[in-house]
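Trainee: I've got a new model open and I'd like to learn how to read it. Can we go through it together, one feature at a time?

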Amino acid sequence: MENELENNIVKIGGRLASAIEFSHEVYDEKFYKFYIETNRLSNYSDKLPVIISERIIDLDSLNVGDLIHITGQFRSYNEPTSNGKSKLVLTIFTKEIEKIDDESRIPLNDATFIGYICKPPIYRKTPLGREITDLLIAVNRTYKKSDYIPCILWGRNAKFCENIETGAMVKLSGRIQSRKYEKKQADGTVEEKVAYELSVSKFSVIDEEENNKNEEVDESK
C-alpha cells in the first residue's frame with residue numbers, strides 16, 4: 001500500500017483568512033489553527049481550515065491577508081458533540097508552508113488521494129438533470145489510523161462510480177472545497193453549516209492485487 005506521502009497529497013495557495021489560534025498540544029508540540037481562502041477558476045472562493053505546528057514556521061511572521069502556499073494532507077477526526085454523538089471534522093494538516101510575494105505565483109487548489117470506498121456510493125440527479133455521486137473514502141495513515149474524506153463526483157465520473165462496491169481501492173484528484181448547507185434542528189430551527197469535501201476531476205479504480213505486485217518489485221530494487 002502507498003505510504004502516506006503518496007496517498008494523501010494536498011497543495012493549496014491563497015490568503016491567510018483568519019487570526020491564528022491555539023488548537024491543541026501533543027507531546028509538548030503546540031498546534032495552531034486558521035483558515036486559508038483560495039479562489040476557484042470561477043472566482044468563487046473557498047475558506048478552508050488549516051492545522052499547523054509551531055515547529056513549521058514562526059507564527060509571528062504570518063498576518064491576516066498574507067499570501068501563502070501550503071503542502072500537506074487532508075485529515076479527519078471525530079469530535080464529540082453535546083448529545084453524546086460525534087461529528088467528522090476535516091482539516092488541512094500542514095507539512096510545509098511558504099509565504100508568497102507575487103499573487104501570480106499562487107498555485108491552484110490541488111489534492112490527490114488513494115483510498116478505499118467505505119460506504120455505498122449515493123447517486124442522484126439535480127432538478128436540471130446534472131448527475132452527482134457522493135463517496136466516502138478511507139485513506140490509510142501511519143499507526144493504523146485512517147482519514148475519512150467525503151468526495152463529490154460529477155457527470156460521467158458520477159455515473160461510472162454509481163455501482164462500485166464498498167471496499168474498492170480508488171484514486172481521486174481534484175480540489176478541496178467548502179459548501180454551505182442548512183440543517184434542521186430538533187427544535188425546528190435551521191442552522192447554517194459548512195461541509196468540506198473533495199470535488200473530483202479525475203477518478204480511477206485501482207487493481208489492488210496488481211498494485212501490490214508493483215510494490216513488491218519496487219521494494220526488491
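Trainee: Let's start small. Leaving aside its neighbours within four places in sequence, which residues is Ser61 in contact with?

Mentor: Asp66 and Lys99. Keep in mind that we're looking at a predicted model. As for where to find it, Ser61 sits in the loop between strand 4 (45-53) and strand 5 (67-80). Ser61 and Lys99 are 38 residues apart along the chain, yet their C-alpha atoms are separated by 9.3 Å.

Trainee: Is Ser61 buried, exposed or partly exposed?

Mentor: For that you look at the relative accessible area: under 20% is buried, over 50% is exposed, and in between is partly exposed. Ser61 comes out at 27%, so it is partly exposed.

Trainee: How far should I trust the model, then? What is the average pLDDT?

Mentor: The average is 87, and 91% of the residues score at least 70. Watch residues 213-221, though, where pLDDT stays under 50. For that stretch the model has 2 contacts beyond four places in sequence.

Trainee: Now the backbone. Which sign does phi have at Asp28?

Mentor: Positive: phi of Asp28 is near 65°, and this is a residue other than glycine. Tyr143 is another case, with a positive phi near 60°. Asp28 lies in the loop between strand 2 (21-26) and strand 3 (29-39), while Tyr143 lies in the loop between strand 9 (131-141) and strand 10 (145-154).

Trainee: And why do those two count as exposed?

Mentor: Exposed means over 50% relative accessible area. Asp28 has 64%, so it counts as exposed. Tyr143 has 75%, so it does too. Asp28 still has partners: not counting residues up to four places away in sequence, it touches Glu54 and Arg55.

Trainee: How far is Asp28 from Arg40 in space?

Mentor: Their C-alpha atoms are separated by 37 Å, with the two positions 12 residues apart along the chain count. Set that beside Phe203 and Trp154, which are 49 residues apart in sequence and 10 Å apart in space, C-alpha to C-alpha.

Trainee: Phe203 is a good one to stop at. Is it buried or exposed?

Mentor: Here's the general idea: in soluble globular proteins, nonpolar side chains tend to be buried together. In this model, Phe203 has 11% relative accessibility, so it counts as buried. Phe203 is found in strand 12. Not counting residues up to four places away in sequence, Phe203 touches a list of residues including Leu135, Leu153, Phe160, Ile164, Val170 and Leu172. Asn157 and Lys171 are also among its contacts.

Trainee: Which residues touch the most other members of the largest nonpolar core?

Mentor: Of its 38 residues, those are Ile70, Phe74, Ile92, Phe113, Ile137, Leu172 and Phe203. Strand 12 gives the most to this core, with 4 residues.

Trainee: Last one: pockets. What volume does the second largest pocket have?

Mentor: About 330 Å³. It has 16 lining residues, and the closest to its centre are Leu41, Asn109, Gly174, Arg175 and Ser201. Strand 11 (169-184) and strand 12 (190-205) are the elements that give two or more residues to the lining.

Trainee: How many residues of that lining are nonpolar, polar and charged?

Mentor: There are 4 nonpolar, 7 polar and 5 charged. So strand 12 turns up twice in our tour, giving residues to the largest nonpolar core and to the lining of the second largest pocket.

Methods:
Residues are numbered from 1 along each chain as its sequence is written. This is a predicted model: local features need pLDDT of at least 70, side-chain atom pairs count only at pLDDT 80 or more; totals for chains, interfaces and linings use all residues. Side-chain values use heavy atoms; hydrogens and water are left out. pLDDT is the predictor's confidence in each residue, from 0 to 100. Contact means heavy atoms within 4.5 Å. On a 1 Å grid over the protein atoms alone, a cavity is a set of points where a 1.4 Å probe fits but cannot get out, and a pocket is an open set with protein on both sides within 12 Å along at least five of seven lines; lining residues have an atom within 4 Å of a point. Grid points are joined across faces, edges and corners, and a volume is the space filled by probe spheres set on the points. Ala, Val, Leu, Ile, Met, Phe, Trp, Tyr, Cys and Pro count as nonpolar, Asp, Glu, Lys and Arg as charged, and the others, Gly among them, as polar. A nonpolar core is a set of buried Ala, Val, Leu, Ile, Met, Phe, Trp, Tyr and Cys residues joined through side-chain atoms within 4.5 Å. Buried means under 20% relative accessible area, exposed over 50%, partly exposed in between (1.4 Å probe, protein chains only).
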